[in-house]
Amino acid sequence: MTQTTKERAVSTATLTFSEPTLDDGKAMWELVDNSTLDQNSAYKYLMMSEFFSDTCVVAKEDDKLVGFVTAFIPPEHPDVVFVWQIGVDSSQRGKGVASKLLNELVAREACQDVHYLEATVTPSNEASQSLFRRLARDHDTECKVTERFTEEMFPGDGHEEELNFRIGPFKR
């Protein structure tokens, strides 16, 4: 009997990687709320868990959510998975959890036709820039950085531009 993606959970040491459930939405929001990440509405995390669970990954340690990635495949670009946000609890930083989350994402059945991973990153976010460049190195592929959203596109003052990181093509 084969397992569906929802039934499959990948474990590494004490961490388990799986699709989020609706119950995880609140914990994802709380993880972000206790960090320096951009906070989205709680509704966003519920929506991602409900409607995009096949392209989102949660990491849990003893049933406690300690990391997540929210992502989706844009309908007009079915060969791309776009990473909206990655969050890792401070207790797990420096352990490669973010890399494991991304690798689990690109290995998903939902991403079998995906050739590229994209994400936007601000110029000051060196940790995320390193993460995506490392993903490209680990998959022996390219990481192209281009302008995506200028400062002027954001309301108010103080939001940096967002650079587009495009990793791929992935070799399957």
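**Entry 1: E142**

I started at E142, which sits in strand β7 (residues 142-149). The model I am reading is a predicted one. Is E142 buried or exposed? Neither label fits: E142 counts as partly exposed, because its relative accessibility is 44%. I then listed its contacts, leaving aside neighbours within four places in sequence. They are A136, R166, I167 and G168. I also took a C-alpha distance from E142 to S49. The two are 93 residues apart along the chain and separated by 30 Å.

**Entry 2: around β7**

One of the contacts of E142 is G168, so I followed the chain on from there. The peptide bond from G168 to P169 is cis, and I read omega near 5°. P169 falls in the segment after β8 (162-168).

Next I went to the loop between α4 (126-138) and β7, where D140 lies. D140 is not a glycine, yet its phi is positive, about 50°. I looked up its accessibility too. D140 is exposed, with a relative accessible area of 59%.

**Entry 3: D63**

Which other residue did I note for a positive phi without being a glycine? I noted D63, with phi near 70°. I placed D63 in the loop between β3 (57-61) and β4. The relative accessible area of D63 is 75%, so I logged it as exposed, the cut-off being over 50%.

**Entry 4: overall fold**

I stepped back to the whole chain. I counted four helices and eight strands in the protein. Their order along the sequence is β-β-α-α-β-β-β-α-β-α-β-β.

I checked the size next. The C-alpha trace spans about 50 × 35 × 30 Å along its principal axes. What radius of gyration would a compact globule of 172 residues have? It would be near 16 Å, and the protein has 16 Å, which agrees.

For contacts with a separation of 6 or more, I looked up the long-range share. Residues 24 or more positions apart account for 61% of them. Buried residues make up 40% of the 172 residues. I put the accessible surface at about 9800 Å², with 50% of it belonging to carbon and sulfur atoms. I also located the charges. There are 18 positive and 30 negative ones, and their mean positions are 6 Å apart.

**Entry 5: helix α2**

I moved to helix α2, residues 42-51. Which of its residues are buried? I found K44, Y45, M48 and S49. These four cover an arc of only 130° around the axis, which puts them on the same side of α2. The spacing rule is worth writing down here. An α-helix has 3.6 residues a turn, so residues three or four places apart point the same way.

On the other side of α2 I found Y43 and F51 exposed. What do the buried residues of α2 pack against? I noted α1 (22-33), β4 (64-72) and β5 (80-88).

**Entry 6: helix α1**

I picked two residues of helix α1. V32 is in this helix, and L22 is there too.

V32 counts as buried because its relative accessibility is 1%. Apart from neighbours within four places in sequence, V32 contacts L37, D38, Q39, Y45, F68 and Q85. Y45 is among the buried residues of α2. I also took the C-alpha distance from V32 to E50. They are 18 residues apart along the chain and 18 Å apart in space.

L22 counts as partly exposed, since its relative accessibility is 43%. Not counting residues up to four places away in sequence, L22 touches L46, S49 and E50. S49 is another buried residue of α2. How far is L22 from F165, C-alpha to C-alpha? I read 29 Å, with their positions 143 residues apart in sequence.

**Entry 7: helix α3**

My last stop was helix α3, residues 97-107. How many of its 11 residues are buried? Eight are, so α3 is largely enclosed by the rest of the structure. I wrote down the buried ones: V97, A98, S99, L101, L102, E104, L105 and V106. E104 is on that buried list.

Methods: Residues are numbered from 1 along each chain as its sequence is written. This is a predicted model: local features need pLDDT of at least 70, side-chain atom pairs count only at pLDDT 80 or more; totals for chains, interfaces and linings use all residues. Side-chain values use heavy atoms; hydrogens and water are left out. Helices (H or I, at least four residues) and strands (E, at least two) are DSSP runs, numbered from the N terminus. The radius of gyration is taken over C-alpha atoms; the globule rule is 2.2 Å times the number of residues to the power 0.38. Buried means under 20% relative accessible area, exposed over 50%, partly exposed in between (1.4 Å probe, protein chains only). Contact means heavy atoms within 4.5 Å. Accessible areas come from the Shrake-Rupley method with a 1.4 Å probe; for residues, only the protein chains shown count as cover. Lys and Arg count as positive and Asp and Glu as negative; His and the chain ends are not counted. The place of a charge is taken as NZ of Lys, CZ of Arg, CG of Asp or CD of Glu. The arc is that of the directions from the helix axis to the C-beta atoms.
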